[in-house]
Amino acid sequence: LMEVTGCGLAGVPALADGLMRWQSEFEAKTGLAWSEVLGSLGGELGVVFILDRANMIDIPFVEGMQLPEPGFLFAVKVKNDLLYDHITSELKKKTAVQLTDEKGLKMCAVPIPLPLPVQLEITVARAGDYLFLATHSKHVRNAVAGRDGKQPGLRQTPEFAALLKHLPAKGNNFIYVARRFSETIIGLQQQLLESGRVPEKQAGVLRTLFLKHHRARRNRHHA
């Protein structure tokens, strides 16, 4: 990759030099050869933003308002344990970790207590051909269980199944936002309007702009 990039930027020496310096700094700070890191990657990356409706949390400093607990999951296809071993080794040097070594799953988790109603457990994991980074180990377990067919995954949801037949068999990326995400945002807006914190004039404008259109879209969907 660096060789191809370097050739492509031959006419932009300042940018090419900057990339080479970045590569040198990366290797000096991590102790990993950039070529080995690139060689360990499998060419796939997924990012998931999660709203867990099973765990509603109070919004800090806003009395009476709740939202589903947020979370993130990153999945990177890899060819070996290079990145997992390196990240795990670095975490062990700096803090106490919780290690899991099960059939088909290795995890290293670092619980981080927060003065907030959110469970944060920074997790790096290796399962199958993927390296996972997540805000909690439960997100990794859910992803692996869905992949293995032990619990319903995204493909089994009626909403995504209806879209799946229209997706091309090949492509370099796709983005999917579940309807529940917009419903959650609308729900937060409704909670805010009902709380009385928004002056009535502005509340009326928000109801007209957002909630009315949301109900119309929902009615078209159910029709």
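## Overall layout

Read from one end of the sequence to the other, the protein follows the pattern α-α-α-β-β-α-β-β-β-β-α-α-α-α, and there are 8 helices and 6 strands in it. The structure is a predicted model, and the mean pLDDT of the protein is 82, with 82% of its residues at 70 or more. Confidence is lowest in helix α1 (residues 2–8), where the mean is 49, and highest in β6, where it reaches 97. Where pLDDT is low, the predicted coordinates should not be read in detail.

Buried residues make up 25% of the 223 residues in the protein. Among the contacts with a separation of 6 or more, 46% are between residues 24 or more positions apart.

## The nonpolar cores

The largest nonpolar core has 11 residues, namely Phe 26, Leu 32, Trp 34, Val 37, Val 76, Val 78, Leu 83, Tyr 84, Cys 108, Val 124 and Leu 131. Three elements each supply at least two residues of this core: α3 (34–40), β2 (66–78) and α4 (82–94). A second core, separate from this one, has 10 residues, including Ala 75, Leu 105, Met 107 and Val 144.

Val 124, a member of the largest core, gives a picture of the surroundings there. When its neighbours within four places in sequence are left aside, Val 124 is in contact with Tyr 84, Ile 87, Thr 88, Leu 91, Lys 106, Met 107, Cys 108, Leu 131, Phe 132 and Leu 133.

## Strand β5 and its partners

Of the 7 residues of β5 (121–127), 6 are buried, so this strand is largely enclosed by the rest of the structure. On one hand, β5 runs antiparallel to β4 (105–111), and 6 bridges join the two strands; on the other, β5 pairs with β6 in the antiparallel sense over 5 bridges.

Ala 125 takes part in both pairings, since this residue of β5 is the bridge partner of Met 107, and Ala 125 also stands opposite Phe 132 in β6. Between β5 and β6 lie 2 residues, and the two strands form a hairpin in which Gly 128, in the turn, has a positive phi of about 60°.

## Helices α4 and α5

The 13 residues of α4 should span 18 Å at 1.5 Å a residue, and this agrees with the end C-alpha atoms of the helix, which are 19 Å apart. Within α4, the buried residues are Leu 83, Tyr 84, His 86 and Thr 88, and two of them, Leu 83 and Tyr 84, belong to the largest nonpolar core.

In helix α5 (residues 137–147), the residues Ser 137, His 139, Val 140, Val 144 and Ala 145 are buried. An α-helix has 3.6 residues a turn, so residues three or four places apart point the same way. What covers the buried residues of α5 includes β1 (41–58), β2, β4, β5 and β6, and Val 144 is one of the residues of the second core. After α5 comes Gly 149, whose phi is positive, near 80°.

## Aromatic pairs

A search of the whole structure finds 9 aromatic pairs. In one of them, the rings of Tyr 130 and Phe 132 have their centres 6.3 Å apart and their planes at 35°, so the pair is tilted. Tyr 130 is partly exposed, with a relative accessible area of 22%, whereas Phe 132, at 6%, counts as buried.

Phe 160 and Phe 174 form another tilted pair, with 6.5 Å from centre to centre and 40° between the planes. Phe 160 lies in helix α6 (residues 158–164) and Phe 174 in the loop between α6 and α7 (179–194), so the pair ties together parts that are 14 residues apart in sequence. At 5% relative accessibility Phe 160 counts as buried, while Phe 174, at 53%, counts as exposed. Phe 174 and Gly 46 are 128 residues apart in sequence, and their C-alpha atoms are 9.6 Å apart in space. Elsewhere, Phe 49, Phe 72, Phe 74 and Phe 181 form one aromatic cluster.

Key
Residues are numbered from 1 along each chain as its sequence is written. This is a predicted model: local features need pLDDT of at least 70, side-chain atom pairs count only at pLDDT 80 or more; totals for chains, interfaces and linings use all residues. Side-chain values use heavy atoms; hydrogens and water are left out. A nonpolar core is a set of buried Ala, Val, Leu, Ile, Met, Phe, Trp, Tyr and Cys residues joined through side-chain atoms within 4.5 Å. Buried means under 20% relative accessible area, exposed over 50%, partly exposed in between (1.4 Å probe, protein chains only). Helices (H or I, at least four residues) and strands (E, at least two) are DSSP runs, numbered from the N terminus. Contact means heavy atoms within 4.5 Å. The expected span of a helix is 1.5 Å times one less than its number of residues. Rings of Phe, Tyr and Trp (its six-membered ring) pair if their centres lie within 6.5 Å; planes under 30 degrees apart count as stacked, over 60 as edge-to-face and the rest as tilted. pLDDT is the predictor's confidence in each residue, from 0 to 100. Two strands pair if DSSP finds at least two bridges between them.
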